[in-house]
Amino acid sequence: MEVVIAAPEDLVALAAGAIESLLAAKPAAVLGLATGSSPLGIYDELVRRHLDGRVSFSRARAFMLDEYVGLPPDHPERYRNVIEQEIASRVDFAPDAVQGPDGLAEDVVAACAQYEAAIVEAGGVDLQILGIGTDGHVGFNEPGSSLASRTRIKTLTDQTRADNARFFDGDIDEVPRHCLTQGLATIMSARHIVLIAIGRAKAEAIHHLVEGPVSAMWPATILQHHPHVSVLVDPAAASRLQLADYFRSTYAAKPAWQGL
Ligand code: GLP
């Protein structure tokens, strides 16, 4: 696990750079896209680089992490619509190249199994962008999630619904109770995971992710078992890291050729 502590604009450039390099080496790469506010800067930077002719998604595919259950197709907070608005429609993905779990499926169990199969059929995710919840969830794998979980339906915690109420005019009652989410084992199958966290509200979750024991109580800690994770944090999100000085000096001395 590599931890980079830097200003948000530098973190965004690093993440976008990793995706640009991946697509240059493998134009048909498979990306994992996350929602939430954390990745938005990365998406904006990718759009800029696309408009500059530096990166093309024309042969790439993408899989979303999660989706609310039951939001109508045209609801602006349906994650499929959020991803469309924030990145998919702004770059040159082919039609149907971006997929998400079907939060309106009648047979939820079958839809989740199909989603897992689609990821495998695409060759697996090459680079997964992740945010993290204040309670340490990734995707919508709330505390207590099986560390071996696959795509399934979950019930959101009150904490997550309160955190996400800001996207629903501040009304927690408008935030769905259920979601479909890639499981922790699904996320762990990605070849490279780039997690970005900004702000003091994430400091405790980042401390547990990097320095805590692996525990379903802090689901992101499963990433300690992954061989290639880049944790990109601003100084506020890093403020509870005991090893912050070590991470800073390690990054400062990093060979220029190495990349994320
Ligand atoms: C949601 C998403 C997660 C995201 C988390 C943090 O619950 N399902 O994928 O990481 O929120 O969101 P934010 O980045 O807005 O803090």
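**Pockets, a cavity and a ligand**

Me: Helix 8 supplies 4 residues to the lining of the second largest pocket, the most of any element. Which residues make up that lining?

Reply: In this predicted model, the lining consists of Met 1, Glu 2, Val 3, Tyr 246, Phe 247, Thr 250, Tyr 251, Lys 254, Gln 258, Gly 259 and Leu 260. Strand 1 (2-5) and helix 8 (244-252) are the elements that each give two or more of its residues. The volume of this pocket is about 150 Å³.

Me: How do you know which of those residues count as charged?

Reply: Asp, Glu, Lys and Arg are the types that count as charged, so Glu 2 and Lys 254 fall in that class. That fits the breakdown of this lining: 6 nonpolar, 3 polar and 2 charged residues.

Me: Let's turn to the largest pocket. How do you know where the ligand sits?

Reply: The test is that more than half of a molecule's atoms lie within 2 Å of the grid points of a pocket. The ligand occupies the space of the largest pocket, which has a volume of about 550 Å³. Its lining has 31 residues, and those closest to the centre are Thr 35, Gly 36, Ser 37, Asn 164 and Phe 167. Helix 3 (79-86) and helix 5 (158-164) each give two or more residues, with helix 3 making the largest contribution at 4 residues. By class, the lining splits into 13 nonpolar, 12 polar and 6 charged residues.

Me: What makes a residue part of the shell around the ligand?

Reply: One of its heavy atoms must lie within 4 Å of the ligand. In this model 13 residues surround the ligand, and the closest include Ser 37, Asp 66 and Lys 202. The shell has 3 nonpolar, 7 polar and 3 charged residues.

Me: Why is the pair between Asp 66 and the ligand called a polar contact?

Reply: A nitrogen atom of the ligand is 2.7 Å from an N or O atom in the side chain of Asp 66. The cut-off is 3.5 Å between N or O atoms, so this pair qualifies. Two backbone pairs can be set against that limit as well. A backbone N or O atom of Ile 132 is 3.3 Å from an oxygen atom of the ligand, and a polar backbone atom of Gly 139 is 3.2 Å from a ligand nitrogen. Both distances are within 3.5 Å, so these are polar contacts too. The protein covers 95% of the 390 Å² of accessible area that the ligand has on its own.

Me: What makes a space a cavity rather than a pocket?

Reply: In a cavity, a 1.4 Å probe fits but cannot get out, whereas a pocket is open. The search of the whole structure finds 1 cavity of 30 Å³ or more. About 30 Å³ of space lies in the largest cavity.

Me: How do you know the class of the residues around that cavity?

Reply: Its lining is Ile 19, Leu 31, Leu 33, Tyr 43, Leu 46, Phe 57, Ile 87, Phe 93 and Ile 129. Ile, Leu, Phe and Tyr count as nonpolar, so Tyr 43 joins that class too. The result is 9 nonpolar, no polar and no charged residues. Strand 2 (30-33) and helix 2 (40-51) each provide at least two residues of this lining.

Technical notes
Residues numbered from 1 in each chain as written. Predicted model: local features only at pLDDT ≥ 70, side-chain atom pairs only at ≥ 80, totals over all residues. Heavy atoms only, no water. 1 Å grid on protein atoms, 1.4 Å probe; cavity = no way out; pocket = protein on both sides within 12 Å on 5 of 7 lines; lining within 4 Å. Points joined across faces, edges and corners; volume = space filled by probe spheres on them. Polar contact = N/O pair within 3.5 Å; in protein donor to acceptor, adjacent residues only side chain to side chain. Areas by Shrake-Rupley, 256 points an atom, 1.4 Å probe, with all protein chains shown as cover.
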